[in-house]
Amino acid sequence: MMLPLSLLRLTPSALHSEARARRLRRLLEGVTLWLAFGLLLMVQPLYAEAAGTGDLGSLELVAPSGGAPVSALALDSRFDVTVSGLIASTRLVRRFRNPSDQWREGVFVFPLPEKASVYGLVMTVGERRIEGKVLPRAEARRTYDTAKQAGQQAATVEQDRPNLFTSRVANLPPGGEVTIELSYQQPVAYRQGVFELDLPSTLTPRYMPGPPLAQASPADWRSGWALATALVPDAGAISPFTVTPTDLADGSHRMAINVTLNTGLPLASVASPSHPISVQDTANGVQVALSPSTDDADGHRPTTVRMDRDFVLRWAPAAGQAPVAAVFHERFEGEDYLMTLLVPGQASEAALPRDLVFVIDTSGSMAGASIREARLALARGLDTLGPDDRFNIIQFNSQAEALFMAPVPADGNHLARARRYLAGLTADGGTEMASALSLALGDGSERNEAPTRVRQVVFITDGAVGNEAGLFQQIRRQLCSQRLFTVGIGSAPNRYFLREAARWGRGSYTSVADSGDLGGPLDALFASMAAPVLTDIRTDWPGTAEAYPARPGDLFQGEPLVQVVRGVPARGQLTVSGLTTRGTAWSRTLDLGQAAPATGLHRRWARARIDDLQDRAALSGTEPDKATITALAMRHSLASPYTSFVAVDTTPARPVTAPLMTESVPTLLPAGSAPGMLRYPGTATGWPMMVLVGALGAAFMGLWWSVLARRRVAV
C-alpha cells in the first residue's frame, strides 16, 4: 500500500501530531454540526415569539437627513402643583412630538403618586382644546378605537395600578404635536413634623413572577416588554421599555416643576433630597421651582431635568407651629365632606423589648446605587438596637435565606457578624418576594396578641414587583400580632406597593432618595418603631358619618390620624380614643366648627371609598363591586379600575388610506440603576432572528475553518 507523499515526509512524532489533529477536527466538526442543528430547532419558537411581539408597537429609531438616531416620538412634561392643607392639586402637561414623516399612535405607560385621584383630561391640537370625559372603561376604549380608525386625533388615560397609568394618543401627524393635560390630586404625607410631596417621573422595571400564560390580552392594548403570567396577567400593560437618554431625541423626556405651598403656617425649611430647587416667598405662598442646572453635557434647557427619578419635596413648620389637630370642610353637590388630622402627643411609657427582623432585597433591580443604599439603611437599623432587643437578617432574590436560624441577642459578637455579612451582599437574580415574606413572618400559626416582646419586620426594597395584590393577601394572612415596616430604596421605587404593604402590615413606610437622604427619614422611622403604639383607635363623629378609613390603623409615635367623612356638617365635636400597648386609655376631642375651607375633599373621599371596596373584596376572595365603583368614579369624575378618560377631536386629521404606526414611548432608566435593567423594545428587523443568523454563521465559520485547516495540513 502506497502512502501519500505528504505523509512519507513526516517523522513519527509528526504522524502522531497529525492523528491528534484529525481527532480534534472530527470533534470540532461534530460539536459544530450539533450546535447548528440545535440552533435550527430553536428558530421556529423564537421566530414565533418575535412575530408575536412585533405587533405590540416598537420604538422606531429614525435618522433624519443621515443624522444621529432619534426617538420617533419625543415627549416633555410640566408639573404645576398647588398644595393647600393636606391636598396637593397637580396640572400635568405632556407634549408629544412626532419628528418622523409617518402618522403615529403614541402609547406611554407612566407612574403617578400611589394615592393620586385623576379627575381631568384636556387634549390640545393646534388652537383647539378638547375636554375629556370619564366613561366606563370598555366604552372609553371603543370610543378611542373608533376615533383612531376614522383618522381623528384622540387621547385616553387608563389606570393599570393605583400608581400606574397608560396614556394613548392617536393620529399624531408627521412633524406635528399634541398636548395632553392631566389633572389629579394627591394627599400630602405628614410625619414627625415634616410634610412630604412626591412626583414620580419614571419607574423601575418590575419582576413578573409566575408561569407564562398561553393566552394573553389583545395585542393592540399591550405595549410592554413582559408577557402575561399566572400571577401577573396584565404584565404586558405595566412593563414599559426603559432606555438611556442617548437613545432618545435631543431634549426628550425632560420635565419642569413648579410648586406653590399655601400652608397657612410659617415654614422653617423647604428642601428637596432629590433635586436642586429655588425657594421664594410671594404673596400667593411659597414658590418652589427647579434650580437652573446643567445635568446634560451640553447644558440643554437648564430649567428642566431628566425624567429619571422621583421629585421629592419636604417642608417643616417653624418651631411651635407644627399642627397637632386640624379640620377641613367642603360642600359638593349638596353634601358635606370633612377631613381631620390629629397627631398624638408624646408618650411617656418605656418601649417593650423587640425582635427585629431586617429583610433586604438583593435582586437584580437593586444593582448599582440601590444595593449600596439598602446596605447603609440596614446598617443604620442595626445601630438602633438596644441591649434587650434581638434581631435577624434575611436577604432575598430568586430565593430567600436568613443569617441566623432565629433572632439572636443584639450583642457585640452578633452585630459584628451581621455587619460582615451585610458588607458582602450583592444584587442579582429575580425578586421572589413571597418566599422572603414567608421566612420573615412565619406561617401565622402563633397568635399571641399580648406578647412580652414586640416583633417587627423591616422590609428594605425598591418594590419592583408586578404581583402586588397577591403579596398583600399574604401579608394579611401571615401577619398575626407582628408589625411590617417598609423602606423604599432607589430613585423610582414602587411607592404604591411599599405604602400599601406597610398599611396591611400595621406598620409605616418611608423612602430614601439616595445615600445622602438616609438621616432624616430613617431616623424618624426607627424612632417611631421604638415608641409605644396606639391601638384600638375609635373615631366618634356627631350624627351619621361615612368615614374612611372606616377603622383607623395603629399609630406610631409622630404619625397622624387622617380620616375623611361624608354627611357630617362642620359643627359639633369629634372624639378620638385608643389604647397604648400597656392598656392605658388615650383620647382627644376636636371642634368641627373650626374647620377651614378646602377643595377636593369629595374626590379624596370617593378614592378612599373605592379603595375600601377593593380591600373588602380582596379579604373575602371575591370580585370588587364593579357597579358601585363605576358609579362612584362617574359621579366624582375619577379614573378608576373600571373608568377611563377619553378625548376626541371630531375633525378627521389622518386620511384613512394613510398607514398608522404604533409607538411605545419608553421611560428613562432610573438614576443609579445598573445597565442590566434596560428593557429595549423589539424592532421591525426581528432581533431574535438576527441573533440566530449570527450564531449559525459562527457555527458554519467554525466548520469552514476546520476544513481549511485540513487542507493546509494535507499540503
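## A400 and its surroundings

In this predicted model, A400 belongs to strand β25, which covers residues 400-402. The residue has a relative accessibility of 25% and therefore counts as partly exposed, since the buried class is reserved for values under 20% and the exposed class for values over 50%.

Once its neighbours within four places in sequence are set aside, A400 is in contact with I394, Q395, S435, A436 and L439. For one of these partners, A436, the separation along the chain is 36 residues, while the C-alpha atoms of A400 and A436 lie 5.2 Å apart in space.

## The chain as a whole

The protein chain holds 12 helices and 38 strands, and 52% of its 715 residues are buried. Of the contacts in the chain between residues at least 6 apart in sequence, 74% join residues that are at least 24 apart.

## Helices α10 and α11

Two packed helices are described by the angle between their axes and by the distance between those axes. Helix α10, spanning residues 601-620, and helix α11, spanning residues 626-635, have axes that come within 10 Å and cross at roughly 170 degrees. This crossing makes α10 roughly antiparallel to α11, because angles over 145 degrees are placed in that class.

On the α10 side the contact is made by W605, R609, I610, L613 and Q614, and on the α11 side by T628, I629, L632 and A633. By character, the residues of this contact divide into six nonpolar, two polar and one charged.

## The five-stranded sheet

An open sheet is formed by five strands in the order β31-β32-β22-β21-β35, with mixed pairing. The edges are taken by β31 (546-548) and β35 (596-597), and because each of these has a single partner strand, one side of each is left without a neighbour in the sheet. At the β35 edge, the pairing with strand β21 (residues 325-332) is in the parallel sense and runs over two bridges; in β35, P597 is the bridge partner of H329.

The sheet and the helix pair described above are linked through α10, which lies across β21, β22 (335-342), β31 and β32 (561-566) and runs at about 100 degrees to β32.

## Aromatic pairs

A search of the whole structure finds 12 aromatic pairs. In one of them, the ring centres of F96 and F108 are 6.4 Å apart and the ring planes stand at 75 degrees, so the pair is edge-to-face. Because F96 lies in strand β4 (residues 87-97) and F108 in strand β5 (residues 103-111), the pair ties together parts that are 12 residues apart in sequence. F96 is buried, with a relative accessible area of 1%, and F108 likewise counts as buried at 1% relative accessibility. F96 and F108 also form one aromatic cluster with F110 and F165.

Another pair is made by Y190 and F195, whose ring centres are 4.4 Å apart and whose planes are at 40 degrees, so this pair is tilted. Y190 is buried, with a relative accessible area of 9%, and F195 counts as buried at 6% relative accessibility.

Methods. Residues are numbered from 1 along each chain as its sequence is written. This is a predicted model: local features need pLDDT of at least 70, side-chain atom pairs count only at pLDDT 80 or more; totals for chains, interfaces and linings use all residues. Side-chain values use heavy atoms; hydrogens and water are left out. Axes are lines fitted to C-alpha atoms, for helices over the stretch in contact, and angles run from 0 to 180 degrees between N-to-C directions. Helices (H or I, at least four residues) and strands (E, at least two) are DSSP runs, numbered from the N terminus. Angles under 35 degrees count as roughly parallel, over 145 as roughly antiparallel, 65 to 115 as roughly perpendicular and the rest as oblique. Contact means heavy atoms within 4.5 Å. Ala, Val, Leu, Ile, Met, Phe, Trp, Tyr, Cys and Pro count as nonpolar, Asp, Glu, Lys and Arg as charged, and the others, Gly among them, as polar. Two strands pair if DSSP finds at least two bridges between them. Rings of Phe, Tyr and Trp (its six-membered ring) pair if their centres lie within 6.5 Å; planes under 30 degrees apart count as stacked, over 60 as edge-to-face and the rest as tilted. Buried means under 20% relative accessible area, exposed over 50%, partly exposed in between (1.4 Å probe, protein chains only).
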